[in-house]
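Reader: I have a structure open and no idea where to begin. Can you walk me through some of the helix packing and the empty spaces?

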Amino acid sequence: MVSPDPDLAAKLQPEVPHAARIWNYWMGGKDHFPADRAAGAAVAEVYPEIVVMAQQSRRFLIRAVRFLAAEAGIRQFLDIGTGLPTMQNTHEVAQGIAPESRIVYVDNDPMVLVHARALLGSTTAEGVTTYVPADYHDPEKILVDAAATLDFDQPIAVMFMGVMGYEPDLDAVRSVVGRVMGATTSGSHLVLWDGTDTSPAVVSGAERLAESGGVPYILRSPEQLASCFEGLTMVEPGIAPITLWRPDDSDAVAIDAYGAVARKP
């Protein structure tokens, strides 16, 4: 695990399970503490598919960013609630297609910020990769800070990847998404996915997470997630299990996580 500086170390709270570190555990990463592993293992005990969901969420990100950079011509990305970096992060996928791409990551987790400093060195010479320390509940700060890197007069891909389940109020979720997308210009895109209440097992997993001391994760219906895209034009196939959104694998099967990509008219 990367060693944080003293100021960040004071904020880590290793004894408290943390969402980003639990997710890193499910993805097979190394950036987690015993409390995170215990909570993650408790969820996997009743919902083993959580490990598949974690892995498939990254594959969805790769496909979505690849589409945005290669087909939609997007050169600016605002990845809000990015979590701990793993393989094939947003800037690596986008800049691998268009080296001049500019990426702003947003997160408020101190462990994420530790890694951010090292990750910035992997950007291309032509592009820009930076981090904004902020909570997605503060879209005004995100927009002000992101504007130092991104040109809001040009299309931007705004990404909320599996993070809105930590906000219990759906109206608050729609408000945050609407505020950020409202600041972008025509041709911008929204990418959003979250876990869904589409099986009894995943509901049991969410209950076990809360019981284990993790931040409760609110599972929503695909229809509720679709409401976050109001006023935007869905890219085919619309709202779908993330495994079935333009899959590379013809044998892909549905999981309890839905997402979509949509364009701002």
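**Helices and spaces**

Author: Helix 2 and helix 3 are oblique to each other. Keep in mind that this is a predicted model.

Reader: At what angle do helix 2 and helix 3 cross, and within what distance do their axes come?

Author: They cross at roughly 60°, and the axes come within 9 Å. Helix 2 covers residues 19-26 and helix 3 covers residues 34-46. An angle of 35 to 65 degrees is oblique, so the pair gets that label.

Reader: Is that crossing left-handed or right-handed?

Author: The crossing of helix 2 and helix 3 is right-handed.

Reader: Which residues make the contact?

Author: From helix 2, Arg-21, Ile-22, Tyr-25 and Trp-26 take part. Helix 3 supplies Asp-36, Arg-37, Ala-39, Gly-40, Ala-41 and Val-43. Sorted by class, this contact has six nonpolar, one polar and three charged residues.

Reader: OK, new topic. How many cavities of 30 Å³ or more are there?

Author: The count comes to one. The volume of the largest cavity is about 40 Å³.

Reader: Which residues line the largest cavity?

Author: Its lining consists of Ala-19, Ile-22, Trp-26, Tyr-166, Leu-209, Gly-214 and Val-215. Ile-22 and Trp-26 also appeared in the contact with helix 3.

Reader: Which helix gives the most to that lining?

Author: Helix 2 does, with three residues. By class, the lining of the largest cavity has six nonpolar residues, one polar and no charged.

Reader: What about pockets? How much space lies in the second largest one?

Author: About 160 Å³.

Reader: And what lines the second largest pocket?

Author: The lining is made up of Val-52, Gln-56, Arg-59, Arg-63, Thr-243, Pro-247, Asp-248, Asp-249, Ala-252, Val-253 and Ile-255. These divide into five nonpolar, two polar and four charged residues.

Reader: Back to helices. At what angle do helix 4 and helix 5 pack?

Author: Helix 4, residues 49-70, and helix 5, residues 90-97, pack at about 35°. Their axes are 9 Å apart, and the crossing is right-handed.

Reader: Which residues touch there?

Author: On helix 4 they are Leu-61, Ile-62, Val-65, Arg-66, Ala-69 and Ala-70. On helix 5 they are Thr-90, Val-93, Ala-94 and Ile-97.

Reader: How many of those are nonpolar, polar and charged?

Author: Eight are nonpolar, one is polar and one is charged.

Conventions. Residues are numbered from 1 along each chain as its sequence is written. This is a predicted model: local features need pLDDT of at least 70, side-chain atom pairs count only at pLDDT 80 or more; totals for chains, interfaces and linings use all residues. Side-chain values use heavy atoms; hydrogens and water are left out. Axes are lines fitted to C-alpha atoms, for helices over the stretch in contact, and angles run from 0 to 180 degrees between N-to-C directions. Helices (H or I, at least four residues) and strands (E, at least two) are DSSP runs, numbered from the N terminus. Angles under 35 degrees count as roughly parallel, over 145 as roughly antiparallel, 65 to 115 as roughly perpendicular and the rest as oblique. A crossing is left-handed if the near helix is turned anticlockwise from the far one by less than a right angle, and right-handed if clockwise. Contact means heavy atoms within 4.5 Å. Ala, Val, Leu, Ile, Met, Phe, Trp, Tyr, Cys and Pro count as nonpolar, Asp, Glu, Lys and Arg as charged, and the others, Gly among them, as polar. On a 1 Å grid over the protein atoms alone, a cavity is a set of points where a 1.4 Å probe fits but cannot get out, and a pocket is an open set with protein on both sides within 12 Å along at least five of seven lines; lining residues have an atom within 4 Å of a point. Grid points are joined across faces, edges and corners, and a volume is the space filled by probe spheres set on the points.
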